[in-house]
Amino acid sequence: MAARRRKKPQTTKIQPKRAKNLSPGTVAYTGKKTTTVTELDIIDYSKEHFQRFETNNIQEAFNYEDSTNITWINVNGLSNTDDIVTLGNHFELHPLIQEDIVTTNQRPKIDEYEDYFFIVFKMLHYDDSEQLTSEHLSMVVGKDYVITFQEAEGDIFGDLRERLEHGKGRVRGLGSDYLMFAILDAVVDNYFTVVEFLSNKVELLEDKLFDDKEDPDITEEIQDLKKEILRIRKAVVPLREVVNRLEKIESTLIEERTNKYIRDLYDHIIQVNESVEIYREMIWGLMDMYMTTISNKMNEVMKVLTIMASIFIPLTFMAGIYGMNFDHMPELHFRYGYYYLWGAMILVFFGLLWYFKRKKWL
Amino acid sequence: MAARRRKKPQTTKIQPKRAKNLSPGTVAYTGKKTTTVTELDIIDYSKEHFQRFETNNIQEAFNYEDSTNITWINVNGLSNTDDIVTLGNHFELHPLIQEDIVTTNQRPKIDEYEDYFFIVFKMLHYDDSEQLTSEHLSMVVGKDYVITFQEAEGDIFGDLRERLEHGKGRVRGLGSDYLMFAILDAVVDNYFTVVEFLSNKVELLEDKLFDDKEDPDITEEIQDLKKEILRIRKAVVPLREVVNRLEKIESTLIEERTNKYIRDLYDHIIQVNESVEIYREMIWGLMDMYMTTISNKMNEVMKVLTIMASIFIPLTFMAGIYGMNFDHMPELHFRYGYYYLWGAMILVFFGLLWYFKRKKWL
Amino acid sequence: MAARRRKKPQTTKIQPKRAKNLSPGTVAYTGKKTTTVTELDIIDYSKEHFQRFETNNIQEAFNYEDSTNITWINVNGLSNTDDIVTLGNHFELHPLIQEDIVTTNQRPKIDEYEDYFFIVFKMLHYDDSEQLTSEHLSMVVGKDYVITFQEAEGDIFGDLRERLEHGKGRVRGLGSDYLMFAILDAVVDNYFTVVEFLSNKVELLEDKLFDDKEDPDITEEIQDLKKEILRIRKAVVPLREVVNRLEKIESTLIEERTNKYIRDLYDHIIQVNESVEIYREMIWGLMDMYMTTISNKMNEVMKVLTIMASIFIPLTFMAGIYGMNFDHMPELHFRYGYYYLWGAMILVFFGLLWYFKRKKWL
Amino acid sequence: MAARRRKKPQTTKIQPKRAKNLSPGTVAYTGKKTTTVTELDIIDYSKEHFQRFETNNIQEAFNYEDSTNITWINVNGLSNTDDIVTLGNHFELHPLIQEDIVTTNQRPKIDEYEDYFFIVFKMLHYDDSEQLTSEHLSMVVGKDYVITFQEAEGDIFGDLRERLEHGKGRVRGLGSDYLMFAILDAVVDNYFTVVEFLSNKVELLEDKLFDDKEDPDITEEIQDLKKEILRIRKAVVPLREVVNRLEKIESTLIEERTNKYIRDLYDHIIQVNESVEIYREMIWGLMDMYMTTISNKMNEVMKVLTIMASIFIPLTFMAGIYGMNFDHMPELHFRYGYYYLWGAMILVFFGLLWYFKRKKWL
Amino acid sequence: MAARRRKKPQTTKIQPKRAKNLSPGTVAYTGKKTTTVTELDIIDYSKEHFQRFETNNIQEAFNYEDSTNITWINVNGLSNTDDIVTLGNHFELHPLIQEDIVTTNQRPKIDEYEDYFFIVFKMLHYDDSEQLTSEHLSMVVGKDYVITFQEAEGDIFGDLRERLEHGKGRVRGLGSDYLMFAILDAVVDNYFTVVEFLSNKVELLEDKLFDDKEDPDITEEIQDLKKEILRIRKAVVPLREVVNRLEKIESTLIEERTNKYIRDLYDHIIQVNESVEIYREMIWGLMDMYMTTISNKMNEVMKVLTIMASIFIPLTFMAGIYGMNFDHMPELHFRYGYYYLWGAMILVFFGLLWYFKRKKWL
C-alpha cells in the first residue's frame, strides 16, 4: 500500500479564537497580517453623478460624508487597527463594533444601532489547492453611506462597482439600503458558486466509489468533505438569520421598495442552505456506501479463498493418503490405481465446482 | 464480477444555479432552451361562456384583460425573455417576479403583491428512462385572470382544460382563486403519481434484497433512490409552506368559499409529504438490511471454509505422518495399520461433522 | 440455507392513492368494494328512550332528524356512492366532505363547518394472518345527530351500542358531543390493543435474537415491524392533532362538561403515541443488536478456523519434512527419531493450545 | 460458549394497558393486587399543632376536613375501588379523576379543576434483582388538604413526615401548596437516586467493554439499559411538563411565595432530564464501541490465521517437493541437499516474519 | 497486544448529585472539601477610588455595603456553610439561593429576585493530566455590589482584577451590571480556551486515525472525547439560556448602555456553542472513519491470506500427487518428469499472480 500523501486536514480553521484576556471593546486584530497598509476605495454616486478613487489616507474619506450622494467606502486591510479606530470614531461606531470589525473569527450577525446597522458576514472560496478558505467581512450601513471592511483586497465587489459606474441595474437611483442589499446579494451569489464547486467534489467522490479501483484515501476525503460542509454551514446559517432579521426590522434606514429585494435575497439564502443540507445528507450516505463497498469486496476475497481452499485441501488429502508408506496398502498395487485416483479427484473437483456454482459464488 | 453498467447519477440536477453576476431583477433564462417560440394558450370563460385559442403573438393576450370573464393565459416556453418582459410589463409585474419566472431553479414560494399573487412550483415526472425530471412552473393570480408559465408545452393541465370546456365540476362558476386552486390541485395530484412510482421502485428494490441473487449495483440503486427522495422533498416541502400561507392570507383575491378547497389541498400535500418521509425512512432501512445481508452471506462463506479446512487439514496431517521415511516406524509394519488409520480418520471426520452440527453450522 | 418462505411485504398499503384526474368534490369510492349494499344502523335515544333498527333504505334515516332525541346513524359500506350523496345532500354536507367520506386513504383530520364537525379517522387491527389492516372511518357530528361511515360492517362499536342500550355509563343523558367522544374513545382503545399486539411481536423477535438459532428471516421481520410502526404512526399522529384541535375549538356543539372527557382522551392518545415511539426506538435497536450478533458469530467461526489451521498446518509441515527423500537425512536413521518427532509435535500442539487459551479464544 | 443465563427482558412493562371496553369514568383498578385493605395515613398539622394516625376506615378521614389545619391523607392500596369511590365522592372528585387514580399505567399529568389540582406521577426504584420498577402515584391538592394515593405502602414520604413532625424545615408554617411542592420534591429526589444507580450500571458496562474478556451478553445488557432509559424518560419527561405547567398556573391555590420553590423544582427536574439524555447518548455510543471492539478482535484473529498460514503453507510446499518420487531429482542426491533446503526454509520463514513485522501485524 | 493503560473514564463526574433527603433550602455543601476556611477577597471601587484587601472574617465585608462605591466580594471556599449562611442572611438572600450556592452540581441558571439577580455558572479547565474538570461558581448581583462564590481559590478573575486596579478598560466607571458582564465575559473566554484545547485533542486523534499504526485505545479515546463534549455542553448550553434571559430582563439593575455588551456576550456564547456542536459531529464522524479503517485493514489481511493460500495450496497438491507410492505412475519415470512438473508449477504460480493482479489485489 502506498505511503500517505494526504494534505493536512484544515481543522485549525474551525476552532474559535478570540483576542483573549482583553477588555471587551479593545480593538485587536486576530487575522493573518496580510496587508500592512489600510487601503480605501471610495465611491460617491447619485443618479447623475459617479466618482471613484483610491487612497491610503483615512482622512480623505471624511470629505464625502456631508455630500447628499451615497458614499461607499471599502476598507482593505484590517491589521492597522489605528486606522480602523480613527475611522470608527469619526463615524461614531460603538467600541464593540470596532472590536468586531477586526475580530476575524466573529460569527455572522447583525447589530442594530440608532443611526446605522452593523453586519458581519463571510466570503467563501476554494483556493488554488482546492482548499476552502473563508474571509471575514463587515459592513456599516448608515443613512447615506456604506462602509465595508475586508481583510485583503479581493475582487468580490468588482462586478458591483462596474454596475454602479456604468449605471447598469437599479442601483444608482436608490439609497444606501439598496447598496447594502446589492452587497449581500453578491455574497449569496458567491455561496452559490461555492456550493456548485462542492457539488462537483461530491460527484467526483461518488464516481470514485462506484469504480472498483481501491483508494484508501476515500475515508479521509469524505471526512474532509464533511468538514467543508460544516464550515459552509457556519457561514450560511447565521447569515440566513441576519437576512431574516433584516426583513423584519422596522427602521427608517430601509425603504419600503427595498423590502421586496430583501425577501428575494432571503429566498436565495434559504435555497443555498437547503442545497448544503442535501449535500450533507448525501455525504453521510457516501460513508454508508463506502462501508458496503468494503464489505462487498471482503466478501469477494473470502469467496476466492474459500473456493481455492475447499477444492484443493481435500484433493491434497487424497494425494497424501497414497503417499503413505504402510507395508500393506492394496490400492498402491492395483494395475490402474493411479488412474482410478485421478478419476476420483476429478470427480471431487467438479463436484465442488458445481456446489459453488449452485451457491452462486462463481 | 460483471462490468458496471450504471447510469450516471443525476447529481448535477440538484446543484443550485443562478444567473450569476447579474443585477437583481435582470430577466435571464437559466433553463435548457427547448422552445424558441413563446406559445400562448388562452382560455376565457364565465358560467355561460367558453372560448379557447392558441397564438404566438403576445399582444393578443391583452384583449382579454378587460372582459369580465376569467382569463387563463398559459405561456409555453421561457427562453424568449423579451416576450416575458412584454407580458410582465403589461400586467405590471415586479421585475423580481419577471426574473423568477425565467429562473428555472427557483425554489417554490409565494409572493404577495397588492393586486396579485405570484406562486412558483415544480412539476415532477419520471421520464422514459425512469429518471426523475423536474419542470419549473410559475403562476400569477390576479382579480380575474391567471397566468401560468411553463418551460415547455406539457399535458399537465389538459384534464383541467377539458373540465373547464365541458363545464364539468364547479370550476366555471367560480373566480380566479378557484382556478388557482384547481391548478395547484393538479400539481399535487401529480405528486401522488410520482410518489406511487417511487413506491414501486422501493418495493422492487426490497424484493431484490430479499432474493439471494447477488447484485453489486444495489448500493448505487439505494443511493439513487435517496437522491430522488431528496429531490421530491425539495419540490414538496416548500409547496406545503406555500399552501399553508395561502390558507392564512387575508386578501380580497381569495373568496370565503374557496378556503375550504385550499384546506383540502393542504391536507393532500401533507399526505404526500408524510408518504415521502415514510419512503425516506424505508430506504434508509434498506441500507441497513443490505449491510446485514452482506454480513450474513460472508458468515455463510466463512462457515464453508471453516468446515472444509477444519475437517481436511487434520486428516492431511494424519496422512502426512505415515508418509514419513523414518527407519523405525512400527505402525507402518502392522498387518492392518492402513485400515486402523482409515478407521481413525473416519472417526475424526464424523467427530468434526458432529461438532459443527452441534454448533448449528450445518 | 432453506428457501425463502417470506410473505410478500405489504408496502402497497402505504402508498398514497387518490381518485385521480377528477374534479375536487367528486364523490368516487377508492377502497375495495366489499359491500355493495349500503346498510344503515340507526339508534335514537334520550335519557328515557332507546330505539334501534337496521335498514337499507336511506330515506328512513331522515325521519329521525327532527326528533329532540340524539340520533346516531351508522353507515356500513361506502361503495354505493349514490346513497352517500343522497344522505350527504340531505344533511347539507359540503361536497368536499362527501368526497372525503368515500376516499378511503384520506388522512385523519377534523374539518369544522358552521353546523357540524367532520372527523376522519382510522381503525387498525391485526387480521388472522397477523397482517396489520387499516379501515377508513369518518364521522359527522351535528347538534343532535352523529353519522358514522365505515367501509364494512365491523364490531367496533358493539360495546358502545350495548352501553347505550342498557343505560350503562353516562352516555345516554348527554348530548351528541359526548357520543362523539365515546366513539373516539373506542378508537383509541382499539389503538391500545394494536400496540399491545405489536409489543408482543417485538418481544418475540427479541427472544429470537437472543437465541443462538440462526434465522435468515430476522432482517425481513425487523423491516416488516418497522413498516407496521410507520403505518400505526400514520393513523395515530394525525388523530392526536385532531383531538388536540377538538380541545381548543370554541363551538356551541361542544358543551363545557364534555371538555374534561376530551382532555382525558388526549392524554390517552398521547400515551399511545409515546408507546409507539418507544417501540420504534426498540426496533431500530434490534437491528443494531442483530448486526452485533452476526459479527459475534462470525468471530466465533473465524476462531475455530484459526485454531484448527494454526495448529495443524505447522504439524503437517513437520510431517512433510520427514517425508522427503533426500539421500542424506540423518534424523531418519536415528533409533528413536520417530518418537522424538512425536514429542516435538505434541509440544507444538499444546504450546499453541496454551497460546490460544491465553488469548481467551478457547 | 456458555449457555444463556439472561433474565427475561422486561418489555411487558412498557406496553400500555388500559381497562378496556369500559365506559370512561368507570373506576377499575389495573395494577397488581398487592394490598387488599385500603390503609389511610392521616396527618393534620398547623404551625403549632401536629397529629398523625393510621386507620382502615375511610370515614375517619372526613373528620379532618373542616379543621383550619392542613390535612394530608395518604391512601395506601388502590385495589379496593369502593373505598376510592367513597373518598372521591366525599371530596367531590370528578369521575375521570377517580378512574385515573386506579389506572396504574396512567401517564404523569396535571388536571386543573375549580377547587383542586389533580397530579399523576411515577415513583421509580431498582428492586433487589436490579430491575427497574415503577409505582403509580397520584395526588389531589385542595385548599387545605392534600390526598396522595399509592399502590402499596412504601417509605417514600417517611422523611417528609418526619420533617413535618419535628418541625424541621419550612413545611409546617406554610399551606397545602407547599406540601404539594415538598411531595414532588421528594419524587424528584428519588429520580436523582435512580439516575445515579443507572450511571453506575453504565460505568460498569463500559469497564466490561474495555476489558478484553469476552462476554456475549453485552449486547443484551446494552439493550436492557436502553429500555431502562426509555422507561425513566417515560416518567420524567411528562413530569417536567407538569411542573412547568404548575409554574404558569394562575390559581388562588398556589401562593406567591411557593412559586420560587416550584421554579427550583423545575430546575431540578430539568437537570434529571438532561442527565438521562446524556446517559442515553452514552449508551448508544457504547453499542458503537462494542461493534468496533468486535471488529478489532476479528482483525486480530484474522492476523494470527494469516501469519500462521502464510508462513507454513509455503514451507509445507517446499517439503512436499522433495517428498516426490521422480526417478530423476538431482537435488535429492546432493551431499548437503537436506541442509541446503533447511537453509532455504529458514530464509523464507524469517523473510515472511520480517514482512509481517513491517506491516505492523506483529 | 499490550496491556491496557487506560485512565479510568470520568463518568462519575457527569452523574447528578444532590444533598438528599434534606428539606429544600437547607444549606449543605455537596462538593469536595478543599478549603476549610472561607476566604474573602473584597474590592471596593469607583471611578477615582480603588481598594482591595483579603480577610477571613465575614463581618468585615459588611462595612462596604453602605458605601456608594461598587463592592465586589469574592468568596473562596464553600465548605464552611455557616459563613455562607451568615453572609447570605446579611444580604437577605433567599434560602433557596443559599442552598444553590453550596450545591456544587447545580445546573447553570439565573434567578431574578426583587433586589438582585442570582446566577449559577461553571468554569471548565483541563488539568495537568488533561482531564476536564468543572468548577461550580455562583454570583449575586445587587444595586452596587457583586458577590461571587467559588469552591477554591483560582486565578480566573486575576486578569479582571488587574484591569479594575489599573483602570484599564471601561469597567471602573460603570455600575455593578457591567461588572457582572465582565465576569461572565471572563467565563466565556474560558470556554473558548477549553474548546481550543478540545480541538487540538480532536485533531491529534484524527492524525492518529490517518496513520497506519494500530492503537487499540482509539475507541476509548473517542468515547472519552464524546464524554468531554457532553460535559462542556452541560455547562455551555444552560449559560446560553442565562445570557439570553439577561438580554430580555427588564430590570432597573441593568442599565441601557450595558445591553450592547450583553448582546455581544450572547454572540460569543452562541459561537462557543456552535463550535462545540461542530466538534461533536466531527467526533461522531471519527467513529465511522475508525470503523472503515478497521474494515480496510481486515480486507488487506484477508487479501494476503487469500493470495498466499490460493497460490501455495494448489502447488502443494501437485507436489503431493508425485509423492504417492503407486506401483504404476508413468510420469515418475519420465526422463524430464521432474522438470516438466516444475514448469507446470511455475505456470500455475504466475497464472495466479496475474489473476490477483487483474483483480487489483496486488
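Domain bounds here come from an automatic or database domain assignment. In this predicted model, that assignment divides chain A into domain 1, covering residues 39-292, and domain 2, covering residues 299-359. Taken over C-alpha atoms, the centres of domain 1 of chain A and domain 2 of chain A are separated by 74 Å.

A useful place to start in chain A is A:Asn299, the residue at which domain 2 begins in the assignment. A:Asn299 belongs to helix α6 of chain A, which runs over residues 256-321. Buried means under 20% relative accessible area, so A:Asn299, with a relative accessibility of 5%, counts as buried. Its neighbours come from chain B: leaving aside residues up to four places away in sequence, A:Asn299 touches B:Ile294, B:Lys297, B:Met298 and B:Val301. For one of these neighbours an atomic detail can be given, as the side chain of A:Asn299 reaches the backbone oxygen of B:Ile294 at 3.4 Å.

The relation between copies can be followed by superposing them. Chain B can be laid on chain C by a turn of 72° with a shift of 0.0 Å along the axis, and the RMSD is 0.1 Å. For chain D laid on chain C, the turn is 72°, the shift along the axis is 0.1 Å and the RMSD is 0.1 Å. The operation that brings chain D onto chain C is the relation of a five-fold axis. In chain D, the residue that comes closest to the rotation axis is D:Gly323, with its C-alpha at 4.6 Å. In chain B, that place is taken by B:Gly323, with its C-alpha at 4.6 Å from the axis.

The surfaces used by the copies were then compared. Of the contact residues of chain D, 17% recur in chain C, and the copies use different surfaces. For chain B, only 18% of the interface residues are also interface residues in chain C, so these copies meet through different surfaces.

The contact of chain B with chain C can be described in some detail. The size of an interface is often given as the accessible area lost when the parts come together. Between them, chain B and chain C bury about 6,700 Å², with 60% of this area on carbon and sulfur atoms. On the side of chain B, the residues that lose the most area to chain C are B:Phe210, B:Phe317 and B:Phe326, which together account for 10% of what that side buries. The contact draws on 72 residues of chain B and 76 residues of chain C.

Polar features also cross this interface. Between chain B and chain C, 17 residue pairs are in polar contact, counting pairs with both residues at pLDDT 80 or more. Six salt bridges are found across the interface. One of the salt bridges at this interface joins C:Lys109 to B:Asp264, with the closest N and O atoms 3.6 Å apart. The elements that give two or more residues to the side of chain B touching chain C are α3 (158-165), α4 (176-210), α6 (256-321) and α7 (337-358) of chain B. Of these, α6(B) gives the most to that side, with 37 residues.

Within chain C, C:Val141 offers a view of a strand residue. C:Val141 is found in strand β6, residues 132-141 of chain C, and counts as buried because its relative accessibility is 1%. Leaving aside residues up to four places away in sequence, C:Val141 touches C:Asp115, C:Tyr116, C:Phe117, C:Val146, C:Ser176, C:Met180 and C:Leu253. C:Thr316 lies 175 residues from C:Val141 in sequence, and the two are 87 Å apart in space, C-alpha to C-alpha.

Finally, a backbone feature deserves a look in chains A and B. Most residues other than glycine have a negative phi. A:Lys360 has a positive phi of about 60° although it is not a glycine. A:Lys360 is placed in the segment after α7 (337-358) of chain A and counts as partly exposed because its relative accessibility is 46%. In chain B, B:Lys360 has a positive phi of about 60° and is not a glycine. B:Lys360 is found in the segment after α7 of chain B, and with a relative accessible area of 47% B:Lys360 is partly exposed.

Definitions and conventions. Residues numbered from 1 in each chain as written. Chains lettered and ligands numbered in written order. Predicted model: local features only at pLDDT ≥ 70, side-chain atom pairs only at ≥ 80, totals over all residues. Heavy atoms only, no water. Helix = DSSP H or I, 4+ residues; strand = E, 2+ residues; numbered from the N terminus. Buried < 20%, exposed > 50% of the residue type's maximum accessible area, 1.4 Å probe, protein only. Polar contact = N/O pair within 3.5 Å; in protein donor to acceptor, adjacent residues only side chain to side chain. Contact = heavy atoms within 4.5 Å. Least-squares fit on C-alpha atoms with pLDDT ≥ 70 in both. Buried area = accessible area lost by both parts, 1.4 Å probe. Salt bridge = Lys/Arg side-chain N within 4 Å of Asp/Glu carboxyl O.
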